[in-house]
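Thanks, everyone. I have one structure to go through today, so please look at the screen.

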There are 2 protein chains.
Amino acid sequence: MNLKPLDHDYFMRRALTEAQAALAEGEVPVGAVVVAGDRIIARGHNRTQVLNDVTAHAEMQAITSAANHIGGKYLHDCTLYVTLEPCQMCGGALYWSQISKVVYGASDPKRGYSILGTQLHPKSEVITGVLADECGQLMDDFFKSKRR
Amino acid sequence: MNLKPLDHDYFMRRALTEAQAALAEGEVPVGAVVVAGDRIIARGHNRTQVLNDVTAHAEMQAITSAANHIGGKYLHDCTLYVTLEPCQMCGGALYWSQISKVVYGASDPKRGYSILGTQLHPKSEVITGVLADECGQLMDDFFKSKRR
């Protein structure tokens, strides 16, 4: 039997499943999971429309949920996987969380934290472009369907 | 009888009352209120320790609560009063909310949105320094007491 080790693609696929759940609710399809020691400890997807709340981004919900799971507010030794590059708000939340690693799929050249100069925590490692095409395609399809 | 019209000082005092509530819970003393048409529609104070959640800043709670009150996610024609300059996260949330006005008390030269270049919404007017000494003193006293 050939067991493939858990890798970035594996966890990004779980984040994509969350993004699909957002899509099914008519939301901008962004999904996230938080991983600690090869285990998913939190999930979240964009719910800004359903909750009438601009703060209800996938990452914010995953951060809150992960802290709840841990029983502490710092996400040391945790990795966030998110299908879209975090915005200023989510980047700012990640800063406060002191999360160890942030892995994202598609870049957001308009509202992404990197183009806008938002500071992540100096201890946070960042990995970009994981399943970027798939993550981005989901967004493109959503906005195309909205324009129709 | 001399009725003083409601002004920035008046609403900042309400935000200070929220900050005092945070202090009483052992939190960094930051408070906020959201005002629409001379009425306070939402209040919030920092609860990051109590909730074990880095996202539980005063502004975030006030934004979510105000949207809940309005029944829509945009805070057009609303003013946020907050005792401390918003951070990147809260600035990013304010951007998404398209709030009309942001009034803050003390500046935050380390983690404030303005020094870190966080973009607020282009339609948001910003007023600074309202009861700044009082708002700042509360913070200074808190951190001094922590160092003792």
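I will start with the sheet in each chain, then the helices, then the salt bridges, and end with the interface.

One thing before that: this is a predicted model. Keep that in mind for everything I say.

Chain B, then. Its five strands make an open sheet, and the order across it is β2-β1-β3-β4-β5, with mixed pairing. At the edges you find β2, residues 39-45, and β5, residues 125-127; each of these has a single partner strand, so one side of each has no neighbour in the sheet. Going across, neighbouring strands are turned against each other by 20° on average, ignoring direction.

As a reminder, strands in a sheet pair through backbone hydrogen bonds, and the pairing is either parallel or antiparallel. In chain B, take the strand β1, residues 31-36: β1(B) pairs with β2(B) in the antiparallel sense, over six bridges. If you want one position to click on, Ala32(B) has Gly44(B) in β2(B) as its bridge partner.

Now the helices on that sheet. Helix α1 of chain B, residues 8-24, lies across β1, β2, β3, β4 and β5 of chain B, and it runs at about 140° to β1(B). Helix α2(B) lies across β1, β2 and β3 of chain B, at about 145° to β2(B).

Over to chain A. Here, too, five strands form an open sheet, with the order β2-β1-β3-β4-β5 and mixed pairing. The edge strands are β2, at 39-45, and β5, at 125-127; each has a single partner strand, so one side of each is left without a neighbour. The average turn between neighbouring strands of this sheet is 20°, again with direction ignored.

For chain A I picked the other end of the sheet. Strand β4(A), residues 101-106, runs parallel to β5(A), and three bridges join them. Val103(A) is opposite Ile127(A) in β5(A). Packed on this sheet is helix α4(A), which touches β3 and β4 of chain A; the direction of α4(A) makes about 60° with that of β4(A).

Next, charges. How many salt bridges does the structure hold over all chains? Six. One that I would point out joins the side chains of Glu134(A) and Arg13(A), at 2.6 Å from N to O. That pair links distant parts of the chain: Glu134(A) belongs to helix α4(A), residues 132-147, Arg13(A) belongs to helix α1(A), residues 8-24, and the two are 121 residues apart.

Last, the interface. In chain B, 27 residues are in contact with 27 residues of chain A. Together the two chains bury about 2,400 Å², and 57% of that is on carbon and sulfur atoms. Val54(B), Lys73(B) and Trp96(B) supply 27% of the area that chain B buries against chain A, more than any other three residues.

And what does the salt bridge rule find across this interface? Zero. There are, however, 14 residue pairs in polar contact between chain B and chain A, counting pairs with both residues at pLDDT 80 or more.

On the chain B side, the elements giving two or more residues are α2, 58-70, and α3, 88-97. Helix α3(B) gives the most, with seven residues. By type, that side divides into ten nonpolar, 14 polar and three charged residues.

That is what I have. Questions, please.

Conventions: Residues numbered from 1 in each chain as written. Chains lettered and ligands numbered in written order. Predicted model: local features only at pLDDT ≥ 70, side-chain atom pairs only at ≥ 80, totals over all residues. Heavy atoms only, no water. Contact = heavy atoms within 4.5 Å. Buried area = accessible area lost by both parts, 1.4 Å probe. Salt bridge = Lys/Arg side-chain N within 4 Å of Asp/Glu carboxyl O. Polar contact = N/O pair within 3.5 Å; in protein donor to acceptor, adjacent residues only side chain to side chain. Helix = DSSP H or I, 4+ residues; strand = E, 2+ residues; numbered from the N terminus. Nonpolar A, V, L, I, M, F, W, Y, C, P; charged D, E, K, R; others polar. Pairing = 2+ DSSP bridges. Axes fitted to C-alpha atoms, helices over the stretch in contact; angles between N-to-C directions.
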